[in-house]
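Here are some notes to help you find your way around this model. Keep the sequence and the 3D view open as you read.

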Amino acid sequence: MNTSAKSEATYALIVDAAMEMAAGEGIGKLSLGELAKRTGISKSGVFSRVGSLESLQSAVLDEYDRRFGEEVFLPSLQQPAGLPRLQTQVMLWLKKVTDESTRNSCLYTAGAFEFDDLEGPLRDRVEQGVSRWRASLRKTVLQAMEAGHLRPDTDPEQLVFEIYSLIIGAMHDVRFLRDPSAPKRMQRAFNRLISTYKSFNEIE
């Protein structure tokens, strides 16, 4: 392995370990010193590859975005635009964030609670991620309206809010209450919610 490839592999190892740490303890709890212990790399070696703690936190969120896109967003694009795509996005999102393994913890939802009363660049970065995903959901809702799957008087922002609330509720019950039935409950709640927004043609 040449020097460049080795450096990239080491960087990936550090980011992967940081993701696990952030998922289990919160992205605000990341520490270069702790990462050095977990990876067996010197603290100076970690710093030389990721730079500041802020750079590491940003790299972790970038990697989370990439994986989220691969597991949720891109597969949903294989579905027809409209309600099928929206349903797929939500169900894949639910599957990901209610997986009980710590590794699949939603860094944005956890970060939103971790930094809701704080100010700073990390809070801004988390907010950007949340806003970007909600904007993506809104776009899919609008496509469903254009396709005639949802009523023309649908309020996209309201529907996105309701979907987001269901996801957070499911995460809470799976992770905090450890209720294995929460994903199925959320699916039923989502189906009932969507039924109130469907156009008359879709209902028929």
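1. Start with G40, just after helix 2, where the backbone takes a positive phi of about 75°. Please bear in mind, here and below, that this is a predicted model.

2. Now step back to the start of helix 2. There, a side-chain oxygen of S31 comes to within 3.3 Å of the backbone nitrogen of G33. With G40 just after the helix, you now have a landmark for each end of this segment.

3. Which residues of helix 2 (residues 32-39) are buried? They are L32, L35, A36 and T39. Around the axis they cover an arc of only 105°, which puts them on the same side of helix 2. The spacing is worth a thought: an α-helix has 3.6 residues a turn, so residues three or four places apart point the same way.

4. Next, the nonpolar interior. The largest nonpolar core has 54 residues. L56, V60, W93 and I163 are the ones with the most contacts inside this core. As background, nonpolar side chains in soluble globular proteins tend to be buried together.

5. Of those four, W93 is a good one to click on. What does W93 touch, not counting residues up to four places away in sequence? Its partners are F68, V72, W133, L137, I163, Y164 and I167. Notice that I163 appears here too, having already been listed among the residues with the most contacts in the core.

6. Turning to charged pairs, the structure holds 14 salt bridges. One of them joins R67 and D16, with the closest N and O atoms 2.9 Å apart. This pair links distant parts of the chain, as R67 sits in helix 4 (residues 53-76) and D16 in helix 1 (residues 3-25), 51 residues apart. Is R67 buried or exposed? R67 is buried, because its relative accessible area is 17% and the cut-off for buried is under 20%. D16, at 23%, is partly exposed.

7. The R67 and D16 pair does not stand alone. D16, E63, R66, R67 and E70 are linked in a network of salt bridges, so try displaying those five side chains together, counting as a salt bridge any Lys or Arg side-chain nitrogen within 4 Å of an Asp or Glu carboxyl oxygen.

8. Helix 4 has another charged residue to look at, D65, whose side chain meets that of R132 in a salt bridge (2.9 Å, N to O). D65 lies in helix 4 and R132 in helix 7 (residues 121-146), so the pair ties together parts that are 67 residues apart in sequence. Both residues count as partly exposed, D65 at 24% relative accessibility and R132 at 43%.

9. For a salt bridge within one helix, look at R123 and E127, where the closest N and O atoms are 3.0 Å apart. Both lie in helix 7, four residues apart, about one turn of the helix. R123 is partly exposed at 24% relative accessibility, and E127 is partly exposed at 42%.

10. Finally, stay in helix 7 for T140. How is T140 placed, buried or exposed? T140 is buried, with a relative accessible area of 3%. A polar atom of the T140 side chain lies 3.0 Å from the backbone oxygen of S136. Not counting residues up to four places away in sequence, T140 touches G82, R85, L86 and Q89.

Methods
Residues numbered from 1 in each chain as written. Predicted model: local features only at pLDDT ≥ 70, side-chain atom pairs only at ≥ 80, totals over all residues. Heavy atoms only, no water. Core = buried A, V, L, I, M, F, W, Y, C linked by side-chain atoms within 4.5 Å. Buried < 20%, exposed > 50% of the residue type's maximum accessible area, 1.4 Å probe, protein only. Contact = heavy atoms within 4.5 Å. Helix = DSSP H or I, 4+ residues; strand = E, 2+ residues; numbered from the N terminus. Arc of directions from axis to C-beta. Polar contact = N/O pair within 3.5 Å; in protein donor to acceptor, adjacent residues only side chain to side chain.
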